[in-house]
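Welcome! Take a moment to look over the sequence and the structure below, and then we can walk through a few of the contacts together.

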Amino acid sequence: MDFGPDTPTWAPLPAISRFMTGAVLTTEDGRFFRHAGFDKEAIINSIRENLKQRRFVRGASTISMQLAKNLYLRRDKTLSRKLQEAILTLYLEQELTKNAMMELYLNVIEYGPMVYGIGPAAQHYFNTTPGNLSLGQSLYFASILANPKKQYFGAGGAVSASRMKYLHRLMEIVPK
């Protein structure tokens, strides 16, 4: 699959709805523009919660870490893969601006089975462009990033009731 700034489906960051960036920051990494690739507070909270629950219930991956994984690594959860991810994250943070990382992230991540990038996703789900995404549409995308292969639409194409309830909660906290 070809992707990159010279491809027809690539969306430069200024051509993506500001709601999309705000939604992703709200659901994935609220301190993205303030950390250097790793969110110490999220890591501590994740370890605390996982120990408390005695199982893996919460992760602490930043957008930078997710970008490193999506660009270069397999999805297996091994210590060696996590170490590779950490090294690649440091490299990305040194070589790219935060805006460049956000643009790249939005253009390469999976938004559903075989739907990669914000341009194809906006067209596929909402028959629109990334720049015309509404707050609700942006929150829908951000809300599925943790598990993009899961089906969130009910019969007739409507968003399921449980997902809609979650989206309404997100609408109250996302920066407008």
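## A tour of rings and helices

Let us begin with a charge and a ring: Lys98 sits over the face of Phe32, 4.3 Å from the centre of that ring. Please keep in mind that this is a predicted model.

Aromatic rings also meet one another here, and the structure holds eight aromatic pairs. In one of them, the ring centres of Tyr125 and Phe141 are 5.6 Å apart and the planes stand at 70°; an angle over 60 degrees counts as edge-to-face, so this pair is edge-to-face. The pair connects distant parts of the chain, with Tyr125 in helix α6 (residues 118-126) and Phe141 in helix α7 (residues 135-144), 16 residues apart.

Are these two residues buried or exposed? Here is how they compare with the cut-off of 20%, under which a residue counts as buried.

| Residue | Relative accessible area | Class |
|---|---|---|
| Tyr125 | 22% | partly exposed |
| Phe141 | 0% | buried |

Phe141, at 0%, is under 20% and therefore counts as buried. Tyr125, at 22%, is partly exposed because its value lies between 20% and 50%.

Both rings also belong to a wider group: Tyr111, Tyr125, Phe126, Tyr140 and Phe141 form one aromatic cluster. Within this group, Tyr111 and Tyr125 are 14 residues apart along the chain, and their C-alpha atoms are separated by 9.5 Å.

Now let us turn to a pair of helices. Two packed helices are described by the angle between their axes and the distance between the axes. Helix α3 (residues 63-72) packs with helix α4 (residues 79-95) at an angle of about 110°, and the axes are 8 Å apart. Because angles of 65 to 115 degrees count as roughly perpendicular, α3 is roughly perpendicular to α4.

Which residues make this contact? From α3 come Ser64, Met65, Leu67, Ala68, Lys69 and Tyr72, while α4 brings Arg81, Lys82, Glu85, Leu88, Thr89, Leu92 and Glu93. Sorted by kind, the residues of the contact are six nonpolar, two polar and five charged.

Finally, which residues of α3 are buried? They are Ile63, Ser64, Met65, Gln66, Leu67 and Ala68. These buried residues pack against α1 (18-28), α4 and α5 (98-108).

Definitions and conventions: Residues are numbered from 1 along each chain as its sequence is written. This is a predicted model: local features need pLDDT of at least 70, side-chain atom pairs count only at pLDDT 80 or more; totals for chains, interfaces and linings use all residues. Side-chain values use heavy atoms; hydrogens and water are left out. Axes are lines fitted to C-alpha atoms, for helices over the stretch in contact, and angles run from 0 to 180 degrees between N-to-C directions. Helices (H or I, at least four residues) and strands (E, at least two) are DSSP runs, numbered from the N terminus. Angles under 35 degrees count as roughly parallel, over 145 as roughly antiparallel, 65 to 115 as roughly perpendicular and the rest as oblique. Contact means heavy atoms within 4.5 Å. Ala, Val, Leu, Ile, Met, Phe, Trp, Tyr, Cys and Pro count as nonpolar, Asp, Glu, Lys and Arg as charged, and the others, Gly among them, as polar. Rings of Phe, Tyr and Trp (its six-membered ring) pair if their centres lie within 6.5 Å; planes under 30 degrees apart count as stacked, over 60 as edge-to-face and the rest as tilted. Buried means under 20% relative accessible area, exposed over 50%, partly exposed in between (1.4 Å probe, protein chains only). A charge sits over a ring if NZ of Lys or CZ of Arg is within 6 Å of the ring centre and within 35 degrees of the ring normal.
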